[in-house]
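I set out to record what I looked up in this structure, entry by entry. The notes follow the order in which I checked each item.

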Amino acid sequence: MRNTGSAHPLLGNLFGHRRRIEMAMAGRPIASLRELGGLLASIKEPRWPGSLRDALAQWPELAQLAHVAPRAVTDAAFNEHVLEGGDIDLGRLPIQRCWPGDAAPLITFGLVITRGTRQARQNVAIYRQQVIDRDRVIMRWLPHRGGALDHADWQAAQPERPFPVLVAIGADPATLLAAVAPVPDTLSEYEFAGLLRASRTRVWHSELTGLDAPAGAEVLLEGFIHPDDTALEGPFGDHTGYYNAQGRFPVMTIERMRMRSDAIYHGSYMGRAPLDEPSVLSMALNEVFVPILRKVFPEIVDFHLPPEACSYRVAVVSIRKQYAGHARRVMMGVWSYLRQFTYTKFVVVTDEDIDVRDWTQVIWAISTRVDPARDSLLVENTPIDYLDFASPVAGLGSKLGLDATRKWQGESDREWGRPIVSDPGVEKRVDALWEQIRLARSGMDAHAAPAWARGPDTSRRY
């Protein structure tokens with residue numbers, strides 16, 4: 001699509017379907033993300049081998065990382081046009097306004113590359129950026145995110161020096177996926193992107209900032225955040241379904257803008273979940289979290305972040321319950337183990353017989369296994385997304401855990417109910433009857449078939 005008034009086409013909805021996400025992973029099914037999640041779990045919580053055999057068994061898995069180290073290149077397509085000084089103009093790009101009440105054009109899918117002072121690794125993440133001038137954008141990153149932590153470390157160590165930043169627009173899909181995945185701080189997103197696409201990431205070094213950019217990007221912005229340079233950001237229509245509250249964030253000043261000839265601008269639609277593109281991405285990346293959590297809590301059967309709940313505000317976990325109070329331990333573990341769940345408000349824990357991805361089963365478990373007073377865990381004055389208007393104070397609110405498991409001795413004095421279960425023999429006979437009906441319907445004309453094989457008459461109006 002080419003935006004009116006811009007010489008550059010706009011690409012949107014790149015990850016709007018799971019099939020496109022699978023294409024970014026060299027055609028592997030999304031289910032394979034669980035395998036990569038297992039690898040990330042091994043890196044985050046390594047298990048010391050008990051013998052030489054154990055060590056050799058682990059080596060092939062961890063050795064994958066040696067084959068995906070980023071490959072430095074001396075040139076990149078975005079070097080075809082290099083703009084500096086007064087020639088820099090973000091107005092050249094078809095940067096979107098998604099909603100009528102948006103404060104300004106908003107860069108929604110720019111890869112932000114930063115490096116702090118405590119680690120050698122570079123952080124690659126996606127933060128939205130409000131355009132406030134031809135060469136200035138507001139960098140909206142929340143305090144617990146990698147870019148914000150890098151910036152805070154830099155300010156503490158060298159408060160008078162500007163903080164270098166790169167923004168790559170139109171990067172390859174695997175690198176974009178890696179930027180939103182729960183990659184441990186010890187692993188580069190560029191390395192994880194190599195695992196996703198099964199080939200090394202090509203990076204180009206920026207002499208101006210000292211940072212590396214994905215060489216396949218369409219547009220590259222090189223610049224700095226100067227000390228005490230902040231601006232009021234927003235409001236913008238968000239995935240919450242509301243316009244977000246305003247807040248002050250750092251401002252990046254662009255000193256160099258690099259572009260391919262006829263560069264394609266990559267944007268994304270921001271809107272109420274689960275209809276927006278980030279919700280599709282979150283559903284796929286949910287598969288990565290399961291093995292990471294199981295590494296520490298092996299009793300976890302499944303873990304689900306419903307996209308209808310903004311993809312992170314509600315978590316539903318099924319466990320193999322082993323003792324009284326077990327569900328509460330899992331609740332606290334979910335809130336504290338990964339920083340991705342810092343802003344998760346509700347954690348519902350069920351038994352393993354509940355499919356946490358089937359909302360009808362989850363609601364049944366809540367309605368039949370929860371006593372509101374006994375089975376609620378309320379935690380006050382905890383970090384909350386400042387976008388959450390429901391919290392009494394911006395950035396600070398409460399969390400609620402619901403124990404929707406069957407109660408053990410010590411949790412209840414009453415005898416627990418016995419669930420009704422179909423007779424396996426009857427189920428088998430009914431399945432056989434349906435198979436006979438299916439064969440009968442496929443072997444004769446629908447109008448010639450007897451009434452019992454034709455199914456209900458849907459032509460009548462009532």
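Is D353 buried, partly exposed or exposed, and what is its relative accessible area? I looked up D353 and found a relative accessible area of 37%, so I entered the residue as partly exposed, the cut-offs being under 20% for buried and over 50% for exposed. I note that the model is a predicted one.

Entry: the partner of D353. I find a salt bridge between D353 and R369, with 2.9 Å between the closest N and O atoms. The pair links distant parts of the chain, 16 residues apart: D353 is in the loop between strand 17 (346-351) and helix 9 (359-369), and R369 is in helix 9. I then checked R369, which counts as buried at 4% relative accessibility. Through salt bridges that share partners, D351, D353, R369 and R406 are joined into one network.

Entry: other salt bridges. My search of the whole structure returned 21 salt bridges. I selected R121 and D150, whose closest N and O atoms are 3.4 Å apart. R121 lies in the loop between strand 5 and strand 6 and D150 in helix 4 (residues 146-157), so this pair ties together parts that are 29 residues apart in sequence. I recorded R121 as buried, at a relative accessible area of 14%. D150 is buried as well, at a relative accessible area of 4%. I also noted the salt bridge of K407 with D403, where the closest N and O atoms are 3.8 Å apart. Both K407 and D403 are buried.

Entry: the largest pocket. I read its space as about 230 Å³. Its lining consists of W364, T368, R369, R374, R406, S412, R414, E415, W416, G417, R418 and P419. I sorted these residues by class and obtained three nonpolar, three polar and six charged. I marked R369 and R406 in the lining, as both also belong to the salt-bridge network described above.

Entry: helix 5. I examined residues 173-180 and found helix 5 mostly covered, with six of its eight residues buried. The buried residues are A174, T175, L176, L177, A178 and A179. I next asked which elements these residues pack against. Among the helices, I list helix 1 (18-24), helix 6 (189-197) and helix 7 (277-296). The strands are strand 5 (110-114), strand 6 (123-126) and strand 14 (265-266).

Entry: R260. I located R260 in the loop between strand 13 (247-259) and strand 14. At 30% relative accessibility, R260 counts as partly exposed. Leaving aside residues up to four places away in sequence, R260 touches A77, F78, E80, H81, A217 and E218. For H81 I looked up the separation from R260: 179 residues in sequence, and 6.2 Å in space from C-alpha to C-alpha.

Entry: confidence. I find a mean pLDDT of 84 for the chain, with 87% of its residues at 70 or more. Over residues 46-52 the pLDDT is below 50, and this stretch has six contacts in the model beyond near neighbours in sequence. Over residues 458-462 the pLDDT stays under 50, and I find zero contacts beyond four places in sequence.

Methods. Residues are numbered from 1 along each chain as its sequence is written. This is a predicted model: local features need pLDDT of at least 70, side-chain atom pairs count only at pLDDT 80 or more; totals for chains, interfaces and linings use all residues. Side-chain values use heavy atoms; hydrogens and water are left out. Buried means under 20% relative accessible area, exposed over 50%, partly exposed in between (1.4 Å probe, protein chains only). Helices (H or I, at least four residues) and strands (E, at least two) are DSSP runs, numbered from the N terminus. Contact means heavy atoms within 4.5 Å. On a 1 Å grid over the protein atoms alone, a cavity is a set of points where a 1.4 Å probe fits but cannot get out, and a pocket is an open set with protein on both sides within 12 Å along at least five of seven lines; lining residues have an atom within 4 Å of a point. Grid points are joined across faces, edges and corners, and a volume is the space filled by probe spheres set on the points. Ala, Val, Leu, Ile, Met, Phe, Trp, Tyr, Cys and Pro count as nonpolar, Asp, Glu, Lys and Arg as charged, and the others, Gly among them, as polar. A salt bridge is a side-chain nitrogen of Lys or Arg within 4 Å of a carboxyl oxygen of Asp or Glu. pLDDT is the predictor's confidence in each residue, from 0 to 100.
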